[in-house]
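Here is a quick tour of one protein model, meant to be read with the structure open beside you. Have a look at it first, then follow along.

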Amino acid sequence: MNTTTLQDTPLTTQPKVAIIGGGIAGSTAALGLASHHIDTVLIEAGPSLVNGPPICHLHAGGNLYREIDDEQCITLLRQSIDTLKLYPHCADYRPTLIAIPKRDPGTFEQLMPRLELLKRHYQQLVLDHSDNKVLGEPDNYYRVFEREEVDALLSKPNPTKALTASDWLIPVVKKLDLDTIKFPMVLVEEYGLNVFRLAASATLVSKELPHCHVHTNTQVTAINRHHNQWHLTLTTEQSSKTLVVDYLVNACGFKSGTIDDLIGCQQQRLVEFKAAYVTRWQDVEGHWPEVIFYGERGTPNGMAQLTPYPNGYFQIHGMTKDITLFNDGLVASDTSSSQPQLPNALASKISHQWPEDVANARTEKSIDFLAHFIPEFSTAQVGGKPLYGAQQIPGSDPKLRATDVDFSTPFYARSEIVKASSAIDATALIYKDISDKFSLDNAPFDMPALTRQLSELDVANTATNLAIARQYPTYLASRVNDQ
Ligand SMILES: Cc1cc2nc3c(=O)[nH]c(=O)nc-3n(C[C@H](O)[C@H](O)[C@H](O)COP(=O)(O)OP(=O)(O)OC[C@H]3O[C@@H](n4cnc5c(N)ncnc54)[C@H](O)[C@@H]3O)c2cc1C
């Protein structure tokens, strides 16, 4: 990291930019602007970058969300391809198996048109630029498995390393209660995205960029506008300083409304508190893909999501009010404040640790939820503390997934992303707005080259250290295919 203190942050005649919030949106924006020689100060309240709510799935096609429109799925596909190019060390290159439970009204025929649409878009993206081919062969974007084919896999030994679509299915189908699901099943090239590796990559790249000044453990507590500049009060445990900048980016995640309130500009948004659970299933055999069992969100039969890590660790989402979702967990802003207010019980889960008994009870419910489809999974145990947090959704549509930036206040960008993969689009738009506002003759926006110098070992080691510092099992910083 550039170890500038608040006092010696250099003054320049070029526009100086402050980004408040060092999550994936703010960190990516800081790397993008600083790599284009824009003097950028990234201010993060927490002890490290990308330290907010969890990120485990890349959403390369948005197939987890049956309820969103095709346009959003296509956007997420393109954004995810860009994310893989920028953060190649952060993906877990394993597919996602999608199953429709018998208890769910959905059918395979309803999924097909979207899968075909996404495959065609991926084919076109690869034709446009061969370096877009980061999700395997476009023709294999998804594979369909009928019951007969699955039955034939039951007698095959688990591969030592999964290389083909069938390889990925072998260990899973042996453990699935095949009578709980409809056929066919679909294996789609939607990969994992690792929050610890994202944090590691962003941290390592930020240290290499002379124009990127990172201040962690620093909170913005007041903002004023004087003579066409933003005056920010930066508060640490020890002191308070003023930072003067020409352009401000609000990337505060679910707290974006607090910055809008400080500035005095009204913005409508939703905030949703959610949690995922860390479990350990020591009896697991073979390398697993992610496994999704569709379900109607918020009902007792909501979607179940099993995300694999090495050494028997699995992260679970269950889209019911007892597991991932919470009563009164979705809140909206109102005319008195742009910051939606979570109930105290949920807000305190973010500011303090969860009581252990509450965390364990929800984790055990998540295990039971998955055991409906994978009976032997009932032997899994609590594997760590939950991964949780609140995420923002600009506007009032809780189904919105593909978002970017709002520029309705001059010299102020509100970067509100719902999915990590939207961070690069948001950065490109901020770069364009700054270039336009300050008539900069900058190079065209381009980010992927930034991470080329990172080594897999450095990312892996830094990610592991971050997992330890955040008190999670180190295996959560690893890839399932690494074991
Ligand atoms: C349970 C759960 C699972 C999820 N799974 C996925 C997934 O699989 N894939 C995916 O793409 N997305 C997922 N998401 C969504 C994803 O976590 C968020 O969309 C993403 O973290 C948003 O990034 P961000 O940078 O906008 O905000 P954040 O990550 O919230 O970062 C905002 C930062 O701003 C800082 N900050 C706030 N106020 C101030 C201030 N005044 N001064 C200084 N700093 C401040 C905070 O400390 C924080 O670090 C999940 C969310 C949840 C809750």
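## A helix and what packs on it

To judge a helix's length, take 1.5 Å times one less than its number of residues as the expected span. This is a predicted model, and helix α10 is a good place to try that rule. α10 covers residues 423–437, so 15 residues in total, and its first and last C-alpha atoms are 21 Å apart, close to the 21 Å expected.

Which residues of α10 are buried? They are A423, I424, D425, A426, T427, I430, Y431 and I434. The cover over them comes from several parts of the chain, including β1 (16–20), α1 (24–35), α2 (70–86), β12 (247–250), β20 (405–409) and β21 (412–415). Just past the helix comes S439, with a positive phi near 45°.

## Two domains

The domain assignment splits the chain into domain 1 (16–52 + 196–266 + 396–477) and domain 2 (92–191 + 269–391). Their C-alpha centres sit 28 Å apart.

Where the two domains touch, 19 residues of domain 1 are in contact with 21 residues of domain 2. On the domain 1 side, that makes 7 nonpolar, 8 polar and 4 charged residues.

## Around the ligand

Where does the ligand's shell lie relative to the two domains? Domain 1 and domain 2 both give residues to the shell, so it lies between them. There are 38 residues around the ligand, and the closest are G21, G23, A25, G52 and G253.

Sorted by class, the shell has 20 nonpolar, 14 polar and 4 charged residues. α1, β9, β13 (269–280) and β19 (387–394) each supply at least two residues to the shell.

## Backbone oddities

Most residues other than glycine have a negative phi, and most peptide bonds are trans. This model has some exceptions to look up. The peptide bond from F183 to P184 is cis, with omega near 0°; P184 is part of strand β6 (residues 181–188).

Then there is N217, which is not a glycine but has a positive phi of about 50°. You'll find N217 in the loop between β8 (212–215) and β9 (219–226). It counts as partly exposed because it has 14 C-beta neighbours inside 10 Å. H227, in the loop between β9 and β10, is another residue other than glycine with a positive phi, this time near 45°. Is H227 buried or exposed? H227 is exposed, because there are just 6 other C-beta atoms within 10 Å.

## Around strand β11

Q238 belongs to the loop between β10 (229–235) and β11 (240–245). With 6 other C-beta atoms within 10 Å, Q238 is exposed. T218 is 20 residues away from Q238 along the chain, and their C-alpha atoms are separated by 9.9 Å.

Moving into strand β11 itself, you reach S240. Why does S240 count as exposed? Because a residue with 12 or fewer C-beta neighbours inside 10 Å is called exposed, and S240 has 12. Setting aside neighbours within four places in sequence, S240 is in contact with T233 and T235. For a long-range pair to click on, try S240 and P473: they are 233 residues apart in sequence, with 35 Å between their C-alpha atoms.

Conventions:
Residues are numbered from 1 along each chain as its sequence is written. This is a predicted model: local features need pLDDT of at least 70, side-chain atom pairs count only at pLDDT 80 or more; totals for chains, interfaces and linings use all residues. Helices (H or I, at least four residues) and strands (E, at least two) are DSSP runs, numbered from the N terminus. A residue is buried if 20 or more other C-beta atoms lie within 10 Å of its own, exposed if 12 or fewer, and partly exposed in between; C-beta atoms are placed from the backbone. Two residues are in contact if their C-beta atoms, placed from the backbone, lie within 7 Å. Domain bounds come from an automatic or database domain assignment. Ala, Val, Leu, Ile, Met, Phe, Trp, Tyr, Cys and Pro count as nonpolar, Asp, Glu, Lys and Arg as charged, and the others, Gly among them, as polar. A residue is near a molecule or strand if its C-beta atom, placed from the backbone, lies within 6 Å of it.
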